[in-house]
Amino acid sequence: MRGAMIYAPGDIRFEALDDPRILHPTDAVIRTAVTCVCGSDLWPYRGLEPMDEPHTMGHEYVGFVEEVGSEVTSVKPGQFVIGSFATSDNTCANCRNGFQSSCLHREFMSTCQADYVRIPHAQGTLVATDQVPGEELWPSLLAVSDVMGTGWWAAEAAEVKPGSTTVVVGDGAVGLCAVIAAKEMGAERIIAMSRHASRQKLAREFGATDIVAERGDEGIERIKELTGGIGADSVLECVGTAQAMQQALRSARPGGNVGFVGVPHDVAVDGQELFFSHVGLRGGPAPVRRYLPDLISLVQSGRIDPGKVFDLTLPLNEVAEGYRAMDERRAIKALLKP
């Protein structure tokens, strides 16, 4: 088969790789239906994460089961399946508590920008649809495997409630999906922080009621102006930079909550400032597996359409262009078709 490899910052290659095979009785192998480039993939692409040697890329996937190990009974060859970027047995104590992304046997997927993918812990990781969905739903189901689930976790972690005021920091795919989640959870006012017209438009389509283009201290001040000088009930941090985290924490009201799901890079939280702010802080890798059944149902019913975050579609062999387009902000998210 063929798949994406990163050799150095800015150096993505599509090349021949070994076909995946069953290594453990809990594995499955799927044929990729569609995959994509994630905003978090840009961290190593931009040289902001250490890399000792070339490695495969990609952690979002939907596809068709090709083969299963002897202990996998929940899915079978031919079924269309969606999984999470973090594998889980879905039976350990952490999984039972709803935090499958902290499964005691967790593995983070990193081979999904390819024709075929081995899925560890397939029994607990994969969810099959009743029938093969129409191709028009594949982008939204793909979004569920990460960015929609991550946006949902941001909203849940920030305790978005009916009638509340919510701020979303970040206008990438996760931030835009967080707008969907906040709306579904009943937020009355959703303030999206975005400086890009196309993303502002999509945020409004997803449910944003207000747009704030300012950043840093100016952005915080604008949020305070919009909330009577108090701040928001819930703030969803979907970027992972120091500025975004500071903006999120200082945009929340005393007693409010911040859900942070952007992978942190050089982020430090001032303990004394947090102490006196009375702001709650929760985040981490999204427990996507917990949400999969419900989010799949919302997509299939037409209630949500997170696949709209894909504004560039490319053949898988042009994966390098997908990275370039997202790095240069010519695209929100690149969909890749094998």
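In the predicted model, strand β12, spanning residues 232–237, is joined by 5 bridges to strand β13, spanning residues 252–260, and the two strands run parallel. Within this pairing, E237 has F260 of β13 as its bridge partner. Both strands belong to an open sheet of 6 strands, arranged in the order β11-β10-β9-β12-β13-β14 with parallel pairing. The edges of this sheet are formed by β11 (210–212) and β14 (280–283), each of which pairs on one side only, and the twist from one strand to the next averages 20°. Helix α8, comprising residues 216–226, packs on the sheet and touches β9 (165–169), β10 (189–193) and β11, with the direction of the helix making about 165° with that of β10.

A second region of interest is centred on Q123, a residue of helix α3, which covers residues 122–125. The relative accessible area of Q123 is 34%, and the residue is therefore classed as partly exposed, since this class lies between the limits of 20% and 50%. When neighbours within four places in sequence are left aside, Q123 is in contact with T26, E71, V72, T73 and S74. For two of these residues, T73 and S74, polar atoms can be specified: a polar atom of the Q123 side chain lies 2.7 Å from the backbone nitrogen of T73, and a polar atom of the Q123 side chain lies 3.1 Å from the backbone nitrogen of S74. In addition, Q123 and A28, although 95 residues apart in sequence, are separated by 8.5 Å in space, C-alpha to C-alpha.

Terms used:
Residues numbered from 1 in each chain as written. Predicted model: local features only at pLDDT ≥ 70, side-chain atom pairs only at ≥ 80, totals over all residues. Heavy atoms only, no water. Pairing = 2+ DSSP bridges. Helix = DSSP H or I, 4+ residues; strand = E, 2+ residues; numbered from the N terminus. Axes fitted to C-alpha atoms, helices over the stretch in contact; angles between N-to-C directions. Contact = heavy atoms within 4.5 Å. Buried < 20%, exposed > 50% of the residue type's maximum accessible area, 1.4 Å probe, protein only. Polar contact = N/O pair within 3.5 Å; in protein donor to acceptor, adjacent residues only side chain to side chain.
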